[in-house]
Amino acid sequence: MIKLISTIFMTIAMTMTACNTTAGKSQAEINSLSPAEFSSEMKGSDKVILDVRTPEEYADGHISGAININVLAPDFATEAQKTLNKKDTVFVYCRSGKRSMDAAGILTKLGYHVVDLKGGILNWQESGLPVTPSPAQK
């Protein structure tokens, strides 16, 4: 009887863990880096920086070299597949980290290698890292 109860609890625990996912990938499987780590790792070839905020947010200031594909747009996955190369590591960010985790889950499910900016561009700016164009220049 104890074995049966243990098996039931294990099954429930495994099911609950499987349901805690971001578009098919658990958040534990998506590499999230601090701003300093993200900045250091995103340099070099075979890497692309992806801002998944709205075009208006992107225009207010973004990480230099970032391309913009709005994760809230209904055609996000299609646009990502048209724009991104699966051989590249995709460094993804948003405002605070939620949308980029959603995007990371979608992209990972599509076969991309994704790195997320922990805390988004807000954390990036709080760490003293630059955005372009600078909101102060407007």
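**A chat about the sheet and its surroundings**

Visitor: Okay, which residue in S5 stands opposite Asn 31?

Guide: That's Val 115, facing Asn 31 from strand S5. Before we go on, keep in mind that this is a predicted model.

Visitor: Got it. How do S1 and S5 pair, and over how many bridges?

Guide: Strand S1 covers residues 31-33, and S1 and S5 pair in the parallel sense over three bridges.

Visitor: And what about S4 and S5, how many bridges join them?

Guide: Four bridges there, and the two strands run parallel. S4 takes in residues 89-93. To pick out some partners, Thr 89 is matched with His 113 in S5, while Val 92 has Asp 116 as its bridge partner in S5.

Visitor: In what order do the five strands sit in the sheet?

Guide: The order is S1-S5-S4-S2-S3. The sheet is open, and its pairing is parallel.

Visitor: Which strands stand at the edges?

Guide: S1 and S3, the second being residues 67-68. Each has a single partner strand, so one side of each is left without a neighbour in the sheet.

Visitor: Is S5 enclosed or not, and why?

Guide: It's largely enclosed by the rest of the structure, because four of the five residues of S5, which spans 113-117, are buried.

Visitor: What kind of unit do S4, H5 and S5 make?

Guide: A right-handed β-α-β unit, with helix H5 (residues 98-109) as its helical part.

Visitor: Zooming out a bit: how many helices and strands does the protein have?

Guide: Six helices and five strands. Starting from the N terminus, the elements go α-β-α-β-α-β-α-β-α-β-α.

Visitor: How much of the protein is made up of buried residues?

Guide: Buried residues account for 37% of the 138 residues. As for the outside, the protein exposes about 8100 Å², and carbon and sulfur atoms supply 57% of that.

Visitor: What share of the contacts join residues at least 24 apart?

Guide: 67%, if you look at contacts between residues at least 6 apart in sequence.

Visitor: New topic, rings! How many aromatic pairs does the structure hold?

Guide: Two. One of them is Phe 38 with Phe 91, an edge-to-face pair with 5.3 Å centre to centre and 80° between the planes.

Visitor: Where do Phe 38 and Phe 91 lie?

Guide: Phe 38 is in helix H2 (residues 35-41) and Phe 91 is in strand S4, so the pair ties together parts that are 53 residues apart in sequence.

Visitor: Phe 38 first: buried or exposed?

Guide: Buried, with a relative accessible area of 0%. Phe 91 is buried as well, at 2%.

Visitor: Which aromatic pair does Phe 38 form with Trp 124, edge-to-face or stacked?

Guide: Edge-to-face, with 6.2 Å centre to centre and 85° between the planes. This pair links distant parts of the chain: Phe 38 in H2 and Trp 124 in helix H6 (residues 120-126) are 86 residues apart. Trp 124 is buried, and so is Phe 38. Put together, Phe 38, Phe 91 and Trp 124 form one aromatic cluster.

Visitor: Any other ring to look at? What lies over the face of Tyr 112?

Guide: Lys 86 does, at 5.5 Å from the ring centre.

Visitor: Back to the sheet for a second. Where is Ile 49 found?

Guide: In strand S2, which covers residues 47-51. Ile 49 counts as buried because its relative accessibility is 10%, and the cut-off for buried is under 20%.

Visitor: What does Ile 49 touch?

Guide: Leaving out residues up to four places away in sequence, the contacts include Met 42, Ile 63, Phe 91 and Tyr 93. Ala 66 is also among them, and although Ile 49 and Ala 66 are 17 residues apart along the chain, their C-alpha atoms are separated by 4.6 Å.

Visitor: What about the backbone: which peptide bond is cis?

Guide: The one from Thr 132 to Pro 133, with omega near -15°. You'll find Pro 133 in the segment after H6.

Visitor: And last one: what is phi of Asp 46 near?

Guide: It's near 60°, a positive value in a residue other than glycine. Asp 46 sits in the loop between H2 and S2.

Terms used:
Residues are numbered from 1 along each chain as its sequence is written. This is a predicted model: local features need pLDDT of at least 70, side-chain atom pairs count only at pLDDT 80 or more; totals for chains, interfaces and linings use all residues. Side-chain values use heavy atoms; hydrogens and water are left out. Buried means under 20% relative accessible area, exposed over 50%, partly exposed in between (1.4 Å probe, protein chains only). Contact means heavy atoms within 4.5 Å. Accessible areas come from the Shrake-Rupley method with a 1.4 Å probe; for residues, only the protein chains shown count as cover. Two strands pair if DSSP finds at least two bridges between them. A crossover is right-handed if, with the strands pointing away from the viewer, the path from the first strand over the helix to the second runs clockwise. Rings of Phe, Tyr and Trp (its six-membered ring) pair if their centres lie within 6.5 Å; planes under 30 degrees apart count as stacked, over 60 as edge-to-face and the rest as tilted. A charge sits over a ring if NZ of Lys or CZ of Arg is within 6 Å of the ring centre and within 35 degrees of the ring normal.
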